[in-house]
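Q: Please take a close look at the cavities of this structure, and describe what lines them. A word on the annotated domain would be a helpful place to start.

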Amino acid sequence: MKIKNTIALAIGVVLASVSSNAQTTTFKKEEFKQWAQTPPMGWNSWDCYGSTVEEHEVKANADYMVKNLKKFGWEYVVVDIRWFVENDKAGGYNQTDPRYVIDQYGRYLPALNRFPSAKDGQGFKPLADYIHKKGLKFGIHIMRGIPKKAVEDKLPIKGTNGITADQIYSTALQCEWLRDNYTVVADKPGAQEYYDSLFELYAQWGVDFIKIDDLSRPYHEGEINLIRNAIDKCGRKIVLSTSPGETPITAAPHVTTHANMWRMVDDVWDTWPHITHLMNVAQKWYPYIAPGTWPDCDMIPLGRISLRGERGEDRMSRLTKDEQYTLITFFNIFKSPLFFGGDLPSNDAFTLSLLTNKEVVKMHNESTGVKQLFQKDGKIAVTSKNPKDGSTYLALFNISDNATETISVNLSDLGISGSVQAINLWTGEKSTVSATAVSAALKPHSSVLFQLKAKK
């Protein structure tokens, strides 16, 4: 009864607002790549609030971003998983008696007890308006598929002549870890219309970014095609992030033509093995780093996380400072999308410094030709170029556990001859390299990030 009451209250205003604000623009194939020419940067609620984030917390993080991060390129504010459940819980999911909020067309709506501005069927539009007025962009998370509740109640698919939810679903390949939805069978009549109806609604709300879960492992090519079509028809530029990993490398040709970013691994948390696993898997994705389509290292598990999260107790990141530098250096030189996972208002000065280094941000935005030079015996070297000023970037990592290692890269391997000035981008320290190689003695789990410029 609770669910049906929620449906009835929401129907009228939602439908009126969607129909009156419908968009007709259709984007051309591949045009979506223009929407993320540099890797997206923002905040995501998952690491700190799990499936329980509330509107006032989203606004607090947006306010912090405007004050402290926006001028460095941080702009997306993303509400992660299960914003449509009134009684979810920390440390996992309430799958025993979840109270869903859903409209008559089988589309989830924000839970009013968590997002009060969604009253009167307004959905996320008031929250998106709040964020847009600050010059930021708004994003949400959804699960692949169609709600089980929509199937059970045989709710109609908007835009069809009598097709209902129970006619487009399958129990095959249902998500193993969250059972809210069923698979949408891509070639069923009504399947495309269902995803079209979702993105019609999200465009009306003002969504700029969408993270869609349970798409990448296994890789659901059929539903990704439906999603790409729906975004291109919805009339709004919505950046698409597929999640979680590991996206199979065999899917690279498809994902690079349908998504703006895709996860390489499962969730990255604040433990050292998560970082080394990411670095290992990332090796095969370097050739696919390109404007508009970015391999994704996952959220940044730094600062204060797990206030009400999935993994562990409320804490500041368990990574040491050396490990935090290593993580953030790798994310930046790899040109991964950057989505901070901690509660921004809880940042300390050190955490903030990792997000606001002008030269590191410049590298992240402007560098090209990212490649790994080697990864062997606990030593990693990654390089890229800045075509605007001709400089070369070089990141060196000691991922071994026990010994200080001297890591060296020949200047000739970087296409450099003669002496160069080496600038440590984290400390600002400058030195002259007159030898034939750049070297650094690094403690276990530590790193260094250089910008190399030819001496005049």
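**Annotated domain and cavity linings**

A: In this predicted model, the end C-alpha atoms of residues 377-452 lie 25 Å apart, and the span is 55% strand and 0% helix. An unreviewed UniProt entry annotates these residues as "domain: Alpha galactosidase C-terminal".

Turning to the cavities, the structure holds five of 30 Å³ or more. The largest cavity encloses about 80 Å³ of space, and its lining is made up of Asn44, Val78, Phe209, Lys211, Ser241, Met261, Arg263, Asp296, Asp298, Met299 and Phe339. Strand E7 (209-213) and strand E9 (261-263) each supply at least two of these residues; Phe209 and Lys211 fall within E7, while Met261 and Arg263 fall within E9. By class, this lining comprises five nonpolar, four charged and two polar residues.

The second largest cavity holds about 70 Å³, and is bounded by Arg107, Tyr108, Ile142, Met143, Gly145, Pro147, Asn181, Tyr194, Leu198 and Tyr202. Here strand E3 (137-143) and helix H6 (191-205) each contribute at least two lining residues, with H6 giving the most, namely three. Tyr194, Leu198 and Tyr202 lie within the span of H6, and Ile142 and Met143 within that of E3. The lining of this second largest cavity divides into seven nonpolar residues, two polar and one charged, whereas four charged residues take part in lining the largest cavity.

Key
Residues are numbered from 1 along each chain as its sequence is written. This is a predicted model: local features need pLDDT of at least 70, side-chain atom pairs count only at pLDDT 80 or more; totals for chains, interfaces and linings use all residues. Side-chain values use heavy atoms; hydrogens and water are left out. UniProt positions are given in the numbering used here, feature names are shortened, and annotations may be inferred rather than shown by experiment. Helices (H or I, at least four residues) and strands (E, at least two) are DSSP runs, numbered from the N terminus. On a 1 Å grid over the protein atoms alone, a cavity is a set of points where a 1.4 Å probe fits but cannot get out, and a pocket is an open set with protein on both sides within 12 Å along at least five of seven lines; lining residues have an atom within 4 Å of a point. Grid points are joined across faces, edges and corners, and a volume is the space filled by probe spheres set on the points. Ala, Val, Leu, Ile, Met, Phe, Trp, Tyr, Cys and Pro count as nonpolar, Asp, Glu, Lys and Arg as charged, and the others, Gly among them, as polar.
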